Amino acid sequence: DNSSEFIPKCRTCRRQAREQSGEGDHHEGLSSDEELTPTEVDEFRKRKDNVLEDSRKIFEDVHADFCDIRKILLKFQEWKEKFPDSYCDAYISFCLPKLLNPLIRVQLISWNPLEQNFTELEEMPWFRAIEEFSDAENVSES
């Protein structure tokens, strides 16, 4: 198996390349296999910015009542209060996750839990809206 011989040779080649280029910021023992070149980092940032820009446009032509999770849940709450039998017959509690999934995914596009100043899921507006809706459902059922 040549794979075990290949790894040390690759490390030696990378170390020699770093020494020749004058890069002194590498720490021994850390893998450089995943290190990105500045070009790759710039390309990643551009692609990420494009995705974020496109995600902002997804709901721009949608009425606010149908792209805001809190407003959607209020409509379901009204339905449940006015017509509890049809609400129950429609199995809404099973439908809501599939209905809200795309809205939540759009809001999570820029979320990165590995960043230092990331927002906890429990602190996000959509999470709180769902939590309030769930609490209201539990209170009305009990």
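**Entry 1: the chain as a whole.** I began with contacts between residues at least 6 apart in sequence, and I found that 53% of them join residues at least 24 apart. I note that the model is a predicted one. I then looked up the secondary structure, which comes to six helices and zero strands. Read from the N terminus on, the order of elements is α-α-α-α-α-α.

**Entry 2: surface and burial.** I recorded an exposed area of about 11600 Å² for the chain, of which carbon and sulfur atoms supply 53%. Of the 142 residues in the chain, 16% are buried.

**Entry 3: Phe-76.** I located Phe-76 in helix α3, which spans residues 69-82. I asked whether Phe-76 is buried or exposed. Its relative accessible area is 15%, and Phe-76 is therefore buried, because the term applies under 20%. Leaving aside residues up to four places away in sequence, I listed Tyr-87, Ile-92, Leu-96, Leu-99 and Phe-133 as the residues that Phe-76 touches. For one of these, Tyr-87, I also noted the C-alpha separation from Phe-76, which is 8.3 Å, with the two residues 11 apart along the chain.

**Entry 4: Glu-120 and its patch.** I placed Glu-120 in the loop between α5 (92-107) and α6 (125-141). Its relative accessibility is 41%, so I entered Glu-120 as partly exposed. I then asked which residues gather with Glu-120 in a patch of negative charge on the surface. They are Glu-122, Glu-131 and Asp-135.

How values were computed:
Residues numbered from 1 in each chain as written. Predicted model: local features only at pLDDT ≥ 70, side-chain atom pairs only at ≥ 80, totals over all residues. Heavy atoms only, no water. Patch = residues over 30% accessible without salt bridge, like charges linked within 9 Å, V, L, I, M, F, W, Y side chains within 5 Å. Areas by Shrake-Rupley, 256 points an atom, 1.4 Å probe, with all protein chains shown as cover. Salt bridge = Lys/Arg side-chain N within 4 Å of Asp/Glu carboxyl O. Lys, Arg positive; Asp, Glu negative; His and termini not counted. Charge placed at Lys NZ, Arg CZ, Asp CG, Glu CD. Helix = DSSP H or I, 4+ residues; strand = E, 2+ residues; numbered from the N terminus. Buried < 20%, exposed > 50% of the residue type's maximum accessible area, 1.4 Å probe, protein only. Contact = heavy atoms within 4.5 Å.
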